[in-house]
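Student: I would like to learn how to read the features of a model. Please take them one at a time.

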Amino acid sequence: MKVPHIKIKPPGPRAQAIIKQDELYTAPAYGRVYPLVVKQGRGMAIEDVDGNLFLDFTAGIAVASTGHSHPKVVQAIQEQAAKFLHFCGSDFYYEPMALLSEKLSNLAPGSSAKKVFLTNSGTEAVEAAIKLARYATKRTHLIAFLGSFHGRTLGALSLTASRSSHRARFGPLLPDVHHIPYEMEGLDALENKLFRYHVAPDEVAAVFVEPIQGEGGYVVPPRDFLGKLAEICRRHGILLVADEIQTGFGRTGKMFACEHWGVEPDILCVAKGIASGLPLGAMIARGDISTWKPGNHGSTFGGNPVACAAALATIELVENGLMANAAEVGSYLKEKLSTLKSGRSAIKDVRGLGLMVGVELADAELRNRVVRAAFESGLLLLGCGESTIRFSPPLIVSKKEVDVAVEIFASVLTTD
């Protein structure tokens, strides 16, 4: 059947019943974007409980990198699940964890030896990085960027600065955390204001940075930004922590986004696209930094064997074609959207790398209306930043599916 295919305007009757049930029993903290109630997913397609088919350009927030329920990933999950589902990797050994740690060590940018700590999620990878940075440097201060998103647990939230509502009423947050503007303006503020007036550089443990800001609006920094930031960190003995939770595993056309600028971070935080949807994250640190001892950190579920098996299958698929597809089809997507921009004043900017492309619209209200209209037309999109729509489909997406998505996007933008 053709995708997308809308049989009944969503939400249909079955979806409405489930939404009603959900609203009775789930915490109101969940911020649902539109009333999509998923029944199943295959490849690029999502089917809702009323039989509508949607073309997915969200990948579950850049998570379903191999598409939905890729048969090779499903097979890896089933085979491991038949062996054993869990045995705590903080206390014992098992092969999937060792194999994945070796793989991630070899994949991480740079030639230095790496050590891997596996987590359940991206925010836990950031929490681990905070602890390791302070432990290794014996310093307390941390620096992050305005517009950044690093997670919602208390330490990660202290670094997050993409939206004030994320932080409201949760203070006091972690002390000794400072924020500077993203891009080149921030580097000037770092050296000439922050280090001069607020904190001496020899008190700073780490700088946390997204090579491309995700929730902040899919913002790609200037070419020299990441390299100059790395040089400042080296000069002062500050650790550079790259948060590649959204940009990692082929999404930008390289395994990790910092490779576009030839930068080796001291610590790399990853998650999202690592295991095609199973909960898994990792903190990958240089071996000479990873000096902490047993008991300094741990995780009951981090590095779950089934999630590790899914990650190994996912990475194999990414290396053997999907990363190249992200580069090729991502360029095609950006070109199509840029062409669309030339004839529409509502589009202020098109930016991104690979299959991480943001379209900034005139204002947030328009963005929200367009995202909802696209959903009702069978295209799944999400917003980010002040007024940006993110295009982050699974890495299996074809040029034909890009054509369909851009056509729907253009039609709802025109009729809005």
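**Reading the features**

Tutor: Cysteine 308 is buried, with a relative accessible area of 0%. Buried means under 20% relative accessible area, exposed over 50%, and partly exposed in between, with a 1.4 Å probe and protein chains only. This is a predicted model, in which local features need pLDDT of at least 70 and side-chain atom pairs count only at pLDDT 80 or more, while totals for chains, interfaces and linings use all residues. Residues are numbered from 1 along each chain as its sequence is written, and side-chain values use heavy atoms, with hydrogens and water left out.

Student: How many disulfides does the count come to?

Tutor: A disulfide is a pair of cysteine sulfur atoms within 2.5 Å. By that rule the count is zero. For cysteine 308, the closest cysteine sulfur is in cysteine 88, 12 Å away, which is too far for a bond.

Student: Why does cysteine 233 form no bond with the closest cysteine sulfur?

Tutor: Because that sulfur, in cysteine 258, is 13 Å away, too far for a bond. Cysteine 233 is buried, at a relative accessible area of 2%.

Student: How are aromatic pairs read?

Tutor: A pair of aromatic rings is described by the distance of the centres and the angle of the planes. Rings of Phe, Tyr and Trp (its six-membered ring) pair if their centres lie within 6.5 Å; planes under 30 degrees apart count as stacked, over 60 as edge-to-face and the rest as tilted. The structure holds 11 aromatic pairs. In one of them, phenylalanine 57 and phenylalanine 391 have ring centres 6.3 Å apart and planes at 85°, so the pair is edge-to-face.

Student: Where along the chain do phenylalanine 57 and phenylalanine 391 lie?

Tutor: Helices (H or I, at least four residues) and strands (E, at least two) are DSSP runs, numbered from the N terminus. Phenylalanine 57 is in the loop between strand S3 (53-56) and helix H2 (59-62), and phenylalanine 391 is in strand S15 (residues 388-391), so the pair links distant parts of the chain, 334 residues apart. Both phenylalanine 57 and phenylalanine 391 are buried. Phenylalanine 391 also pairs with phenylalanine 409: their centres are 5.3 Å apart and their planes at 85°, so this pair is edge-to-face. Phenylalanine 409 lies in helix H12 (residues 399-415), 18 residues from phenylalanine 391. Phenylalanine 409 is buried, as is phenylalanine 391.

Student: Which residues form one aromatic cluster?

Tutor: Tyr34, Phe54 and Phe375 do.

Student: What lies over the face of tyrosine 332?

Tutor: A charge sits over a ring if NZ of Lys or CZ of Arg is within 6 Å of the ring centre and within 35 degrees of the ring normal. Lysine 399 lies over the face of tyrosine 332, at 5.4 Å from the ring centre.

Student: How is helix packing read?

Tutor: Two packed helices are described by the angle between their axes and the distance between the axes. Axes are lines fitted to C-alpha atoms, for helices over the stretch in contact, and angles run from 0 to 180 degrees between N-to-C directions. Helix H11 (residues 364-376) and H12 pack at an angle of about 125°, with their axes 9 Å apart. H11 is therefore oblique to H12: angles under 35 degrees count as roughly parallel, over 145 as roughly antiparallel, 65 to 115 as roughly perpendicular and the rest as oblique.

Student: Is the crossing of H11 and H12 left-handed or right-handed?

Tutor: A crossing is left-handed if the near helix is turned anticlockwise from the far one by less than a right angle, and right-handed if clockwise. The crossing of H11 and H12 is right-handed.

Student: At what angle do helix H3 and helix H10 pack?

Tutor: Helix H3 (residues 71-83) and helix H10 (residues 305-341) pack at about 155°, with their axes 8 Å apart. H3 and H10 are therefore roughly antiparallel, and H3 passes H10 in a right-handed crossing.

Student: Which peptide bonds and phi values should I look at in the backbone?

Tutor: The peptide bond from glycine 171 to proline 172 is cis, with omega near 0°. Proline 172 is in the loop between helix H7 (164-167) and strand S6 (177-180). For phi, look at phenylalanine 249, where the value is near 60°, positive in a residue other than glycine. Phenylalanine 249 lies in the loop between strand S8 (239-243) and strand S9 (267-270), and counts as buried at 1% relative accessibility.
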